[in-house]
Amino acid sequence: MVPVLDDTAVTDARAGHADARAGHADARAAFFAAGPDLRDPTIPAVDLSVRIGSLTLRTPVMPASGCFGPELGALIPVAELGATVTKTVFGSARGGNPVHRLTEIPAGMVNSVGIPSRGPAGYLATLHPRYAALDAPTIISVGGHRTSEYAPVVAALGEHGAAFELNVSCPNLDRDGTDIGSDPAAIREVVAAVRLVTEKPIIVKLPVLVASIAACARAAEEAGADAVCVANSIPAMPLDVLTRRPILGNVIGGLSGPSIKPIVLRLVWLASRAVQIPVIACGGVGSVEDALDYFSVGASAVQVGTASFGRPFAAVEIVRGLLERCLDAGVGSIRELLELEAAL
Amino acid sequence: MVPVLDDTAVTDARAGHADARAGHADARAAFFAAGPDLRDPTIPAVDLSVRIGSLTLRTPVMPASGCFGPELGALIPVAELGATVTKTVFGSARGGNPVHRLTEIPAGMVNSVGIPSRGPAGYLATLHPRYAALDAPTIISVGGHRTSEYAPVVAALGEHGAAFELNVSCPNLDRDGTDIGSDPAAIREVVAAVRLVTEKPIIVKLPVLVASIAACARAAEEAGADAVCVANSIPAMPLDVLTRRPILGNVIGGLSGPSIKPIVLRLVWLASRAVQIPVIACGGVGSVEDALDYFSVGASAVQVGTASFGRPFAAVEIVRGLLERCLDAGVGSIRELLELEAAL
Amino acid sequence: MSVRPPSAVPRPQPVWDDAEVLVHEPVGERYRRLVLASDTIARTAQAGQFLMITVPPNGGDTILLPRPMAIHRRRPASAARPATTDRPASPGTAGTIELIYGVVGRGTRALAMVTVGSRLQVTGPLGRGFEFPPGTRTALLIGRGVGICGVMGAAEDAAALGIRTTMVLSGQRPDQLLGRSDCAELGTRVIEATDDDGSSDLPTLTARLLADFDGSTAERTPPEMVMVCGAGVLARLAAELGAHWGVPVQASLEAHMACGLGYCHGCAAPVQTDPSVEGPLVCADGPVFAARIPID
Amino acid sequence: MSVRPPSAVPRPQPVWDDAEVLVHEPVGERYRRLVLASDTIARTAQAGQFLMITVPPNGGDTILLPRPMAIHRRRPASAARPATTDRPASPGTAGTIELIYGVVGRGTRALAMVTVGSRLQVTGPLGRGFEFPPGTRTALLIGRGVGICGVMGAAEDAAALGIRTTMVLSGQRPDQLLGRSDCAELGTRVIEATDDDGSSDLPTLTARLLADFDGSTAERTPPEMVMVCGAGVLARLAAELGAHWGVPVQASLEAHMACGLGYCHGCAAPVQTDPSVEGPLVCADGPVFAARIPID
Ligand SMILES: Cc1cc2nc3c(=O)[nH]c(=O)nc-3n(C[C@H](O)[C@H](O)[C@H](O)COP(=O)(O)OP(=O)(O)OC[C@H]3O[C@@H](n4cnc5c(N)ncnc54)[C@H](O)[C@@H]3O)c2cc1C
Ligand SMILES: Cc1cc2nc3c(=O)[nH]c(=O)nc-3n(C[C@H](O)[C@H](O)[C@H](O)COP(=O)(O)OP(=O)(O)OC[C@H]3O[C@@H](n4cnc5c(N)ncnc54)[C@H](O)[C@@H]3O)c2cc1C
Ligand SMILES: Cc1cc2nc3c(=O)[nH]c(=O)nc-3n(C[C@H](O)[C@H](O)[C@H](O)COP(=O)(O)O)c2cc1C
Ligand SMILES: Cc1cc2nc3c(=O)[nH]c(=O)nc-3n(C[C@H](O)[C@H](O)[C@H](O)COP(=O)(O)O)c2cc1C
Ligand code: FES
Ligand code: FES
């Protein structure tokens, strides 16, 4: 081939040192290109897949609800994730909470977005097609303020999505406003009703502030859930350091990020011992080490929330890190990797 | 007076620059000397006192249970505190948990001391006299693993101590091992039984992992408690970053320190709105700002736990800071100070 | 305040990039200038768009959320810059973007520690920026403090499009005003308004601008467009002037943000009328909105 | 391992102090030396006692729990030092304590940032240290790594009391051995035992010490006391030698600590026999215990 002095090269020569970079693609493009082809037969067999009921996920890493949008499809190779998870969809339209809706505090963030929603019809009309266009199964998160509100939403979403995640960290307006998910009986009602309207996998996402996570996880399992997700953000009340007034318009928001990890680790450990169905860990996962910590206490998959805001590629990095660890150790699965580690 | 060239001066002159310090008292002694005399009539009337049932505390700052010992009497001016609080006393002797019993993680510590106890008789024989010798009322913390176990301990402690703090963050062995304090009915039983055996103030110290802190606080109030303390440490499971094994001998421990403050702030706010009795805040208090944050959401007093280990004088510094703030603002109480702040 | 009707100009696809820090220096006492090498963003960013900057850990302190920052100046490397641009590229700055920020809290304090030669992760260009309707000939731009960075891109576009602009630079003291040299470079007329001499005072400034533009010479016809960055007093000023002159007003807003892309719903603007309908998202529907009513 | 019977010597009252950092420098590749001005502690500390050091924040990273550290050397300023002490005070070091520590985790990493001239908050002297029963004439001291700091105070006391001591300095490599110059200053005979040449290997070292002390000359009679710092292999060695020679063994242990004063119960030693009785507290009943059985 004859080298051609193209336009870019001319510009480079003219415009000084910074232009040396102009020819390079952005780091995002390089990240896309660096991804492993999980179907490449020359890669030794590492099986990262995980089953959630009838659904098999390619990899055990997915975003946390509310911390992902189809917008990310252009920024990260979504195909490397096990699934995408939507923001929670409610039965009726909701506007969400007043400003401020989020803030950062040391080792965590607190959000009181309040789950704005356009209802199932709005979701199907505007958001779902964009999720469906991504190369990963869509787990649709569903919420409600009465145990009776979940099944109609799932029914309305009908054949769309690959699985449903029931966000039961919502105040139960039929009772005293405590979370539906803090009451095993309410969890049972929700799951049993949803089970009647769908054969797709049901994941129940439990809250942190419960008397017994084991009892809540067992209630979900007994009522027919295919997995539990442990856990949601922890209700908290950040104050402005100067004015001492609540920062959030809603006064209270959910604390997420690194500072909740030791708390959620215990919950995942307890839940894993209480049920046979897979436990999906969610709370402060930002690195492959965090993921392995959760796998080591019994999780089958992890969700990445807060970490994605600062590092949109965090979840993909975790997938790649898991793969690399397995390849380096010469093992075929995360279980084997952990057994090897434990034997050291 | 004729100046006398004493021994110290001779030594100073001989032994080089470091000796210039030898004549100085240690910082502890200076701290003692710097304390305000709260009874000094020339100090404008600032009333920091707080009533817990029939007991009036000089100041609204006290240590958290397990984070104070009579050993501190020589290190800090205990007289400036509102009270001392003992480590929890159980009905029977307990050895506590295996090593490691504590570790530090970012923005918090996790302990699984497991509350070793020599029972009420052991407490009265060895520890209580040393508490009684301190110039502050002793609040005796009492624990149990059945709702029936608290009243006998309080009865056995009889006339000793100025008040009782009921630590209900203990697994209920009569039920499924969830905390007594996560069940309003169990709280009611405990408090009602203790009420029968003492007329001294009863403080109920509630756990964090409850479905409704308001319901728990109300249960305590209705059963006759004089105050609630919100809250205890949050169960967590720290893993060793290298080995991924649990750090604590007991696997699970209680997370305390700065990282739990936004979580406990919300609980104190909710509890303060739910009950008329005073709410004592406990969780991540280490500075006068932390204390004022809690006062601003409704607390009447604060307890200082984790912060005292690194800064044994933290609680006393908070008392002095509160006094100074009031004096600077020319107000007579913390309530007035906060009103002034809020008006800005 | 409302979302403007869709524009004919498509929005650039945001990317994230590990951009080299070329310049990082104080600007006066209160601000810092950051020049980053990112031709992709310099080339595609539209006036008034912003970045999300991932702040590196400051010692042991990890900053989780990226911080939104306006793109103060775009200096694309290649000829692929807007066809109308004919200003000379200063050597060594081509392929770069410039930001100016104030150190206000944990995140910006940590950002201030970043050293020249290191790399900063940025995502952008983001949001919907300022747009001049085709045929616009004159515009009034208004900025205060770091808000001046929010409208400087509009001054750049105006210069490239041959639109005559006046920029109100507002701040506490004259020595704290940003953007003087940028306006000089871009040929933007400047009106300074500061707190210390009362010239930024709302009635005073309004009267001055009205007198300035409602004069009788051709030079002094009212602007065909008002663009402002920031809520509060200046946005009210812009809205009042726009109403007085009967010209459209575009206002850039701020909000606490997590994703900057439109999916976290952290940044909804506080203009909900119906509690079941969310306000527009500052990051995706804005940060620039059509301002019809004064905003507080 | 057990708590020794009460001693006739009363324990000093601990204080906390804001001690000026006089020296803070690397010692070899792995350790750092810290000399603090605190005459109160230098004057009162007993051999084998320790301090709790409050570690200042490292950038944005706050260290909550103080870190326990042995007092490697005590250099009181005034004549109020133990009457038997007649070694000369090196000028400029009087009224000081010296610590040596390894950087292992968050706390010691932050400690390593402390600058000379700043002040460190320390609480001490704490715990029950090494004690020579009256009339002791000879002792064998054993330390490994920073554990050498745990027994150096006993070497100081021995020098002051005229007790003849031999100290085993153990470590991975000869260039990592601490305490050589201290032993030279104190007139303590040194036996080096390192991993690289196998001389720290348990059977090898045991044989060497037995040969060394069980020789026939008067110089070589068995020591009347064995003192060791650290659990594990060396404590086992000390216990075996003590049993062989029929002399008492004192061993200094470590534990995770919060208060260092005896009230938080974080540091109970893992020697519970009865589940209803707590093991002794390393901070208050120890760190030095009577070792009767080998400890793992
Ligand atoms: C579209 C847009 C463009 C911006 N452009 C600039 C600019 O060019 N120069 C500049 O100096 N500043 C700009 N800001 C404001 C800048 O983002 C904040 O000053 C910064 O986030 C403060 O972070 P902090 O950690 O230092 O402050 P902290 O108060 O400690 O932050 C706590 C939390 O609140 C958020 N927050 C606090 N103040 C603001 C604010 N004013 N706007 C948004 N979030 C806030 C932070 O992001 C963080 O999540 C812009 C904001 C937006 C939304
Ligand atoms: C009585 C006593 C005397 C000591 N003397 C010395 C000395 O002279 N020189 C020296 O280098 N080290 C000494 N140590 C050990 C020293 O305290 C630890 O190395 C230090 O606490 C580690 O802190 P980190 O934050 O760097 O490590 P990390 O592992 O990050 O600490 C996490 C937590 O575990 C605790 N921890 C970890 N390792 C130890 C340990 N070995 N002992 C006690 N707590 C630990 C820490 O205090 C902290 O609470 C002594 C320990 C004790 C109990
Ligand atoms: C901005 C934001 C929005 C969220 N929205 C939802 C939601 O709609 N539904 C839900 O179940 N959880 C929601 N969550 C909680 C997260 O899914 C996740 O459970 C929590 O953030 C803990 O994980 P992390 O520590 O990795 O962030 C949201 C969290 C954040 C930060
Ligand atoms: C070492 C340690 C021991 C504790 N022991 C007790 C106890 O015996 N009884 C109790 O009610 N709480 C105990 N606590 C909990 C504290 O009293 C307090 O509720 C908790 O630490 C939160 O406060 P903080 O963040 O200020 O530390 C203990 C905490 C620590 C750190
Ligand atoms: S910042 Fe996430 S939606 Fe705007
Ligand atoms: S460290 Fe607190 S009791 Fe020993």
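# Interfaces and ligand sites in a predicted four-chain model

Visitor: Which residues come nearest to ligand 2?
Guide: In this predicted model, ligand 2 is surrounded by 22 residues. Those that come nearest are D:Arg67, D:Pro68, D:Gly107, D:Thr108 and D:Glu254.

Visitor: Between which chains does ligand 2 lie?
Guide: The shell around ligand 2 draws at least two residues from each of β5 (102-105) of chain B and β4 (67-70), β6 (96-102) and α2 (106-111) of chain D. Ligand 2 accordingly has its place between chains B and D.

Visitor: How far from an oxygen atom of ligand 2 is the polar side-chain atom of D:Thr108?
Guide: Several polar atoms approach ligand 2, among them a backbone N or O atom of D:Ala70 at 2.9 Å from a nitrogen atom of the ligand. A polar backbone atom of D:Gly102 is 2.9 Å from an oxygen atom of ligand 2. For D:Thr108, a polar side-chain atom lies from an oxygen atom of ligand 2 at 2.5 Å.

Visitor: How much of the area that ligand 2 exposes when taken alone does the protein bury?
Guide: The contact of D:Thr108 with an oxygen atom of ligand 2 spans 2.5 Å. Taken alone, ligand 2 exposes 820 Å². Of that area, the protein buries 85%.

Visitor: Which element supplies the largest share of the shell around ligand 2?
Guide: By class, this shell divides into 12 nonpolar, 6 polar and 4 charged residues. The largest share of the shell is 4 residues, and these come from β4(D).

Visitor: Which residues come nearest to ligand 1, and between which chains does ligand 1 lie?
Guide: Ligand 1 has 22 residues around it, of which C:Arg67, C:Pro68, C:Gly107, C:Thr108 and C:Glu254 come nearest. The ligand itself lies between chains A and C.

Visitor: What is the distance from a nitrogen atom of ligand 1 to an N or O atom in the side chain of C:Glu254?
Guide: Backbone atoms also approach this ligand: an N or O atom of C:Arg106 lies 3.3 Å from an oxygen atom of ligand 1, and one of C:Gly107 lies 2.7 Å from an oxygen atom of ligand 1. In the case of C:Glu254, the side chain provides the N or O atom, and its distance from a nitrogen atom of ligand 1 is 2.6 Å.

Visitor: Which element gives the largest share of the shell around ligand 1?
Guide: The shell includes 12 nonpolar, 6 polar and 4 charged residues. At least two residues come from each of β5 of chain A and β4 (67-70), β6 (96-102) and α2 (106-111) of chain C. The largest share, 4 residues, is that of β4(C).

Visitor: What area is buried between chain A and chain C?
Guide: The interface brings 47 residues of chain A into contact with 46 residues of chain C. Carbon and sulfur atoms give 61% of the buried area, which amounts to about 3,700 Å².

Visitor: Which three residues supply more than any other three of the area that chain A buries against chain C?
Guide: Chain A and chain C bury about 3,700 Å² between them. On the side of chain A, 17% of the buried area comes from three residues, more than from any other three. They are A:Leu102, A:Glu104 and A:Phe309.

Visitor: Which residue forms a salt bridge with A:Arg101?
Guide: There are 3 salt bridges between chain A and chain C. In the one that involves A:Arg101, the closest N and O atoms are 2.4 Å apart, and the partner is C:Glu278.

Visitor: What area do chain B and chain D bury between them?
Guide: Here 46 residues of chain B are in contact with 45 residues of chain D. Carbon and sulfur atoms carry 61% of the buried area, and that area is about 3,600 Å².

Visitor: Which element gives the most to the side of chain B that touches chain D?
Guide: Across this interface there are 12 residue pairs in polar contact, both residues being at pLDDT 80 or more. At least two residues come from each of α2 (27-33), β5, β6 (108-111) and α9 (307-310) of chain B. The most, 4 residues, comes from β5(B).

Visitor: In which helix of chain A is the salt-bridge partner of B:Arg244?
Guide: B:Arg244 forms a salt bridge with A:Asp293, with the closest N and O atoms 3.0 Å apart. The pair crosses between chains: B:Arg244 is in the loop between β11 (234-236) and β12 (253-256) of chain B, while A:Asp293 is in helix α8 (residues 288-296).

Note on methods
Residues numbered from 1 in each chain as written. Chains lettered and ligands numbered in written order. Predicted model: local features only at pLDDT ≥ 70, side-chain atom pairs only at ≥ 80, totals over all residues. Heavy atoms only, no water. Contact = heavy atoms within 4.5 Å. Buried area = accessible area lost by both parts, 1.4 Å probe. Salt bridge = Lys/Arg side-chain N within 4 Å of Asp/Glu carboxyl O. Near = heavy atom within 4 Å. Polar contact = N/O pair within 3.5 Å; in protein donor to acceptor, adjacent residues only side chain to side chain. Nonpolar A, V, L, I, M, F, W, Y, C, P; charged D, E, K, R; others polar. Areas by Shrake-Rupley, 256 points an atom, 1.4 Å probe, with all protein chains shown as cover.
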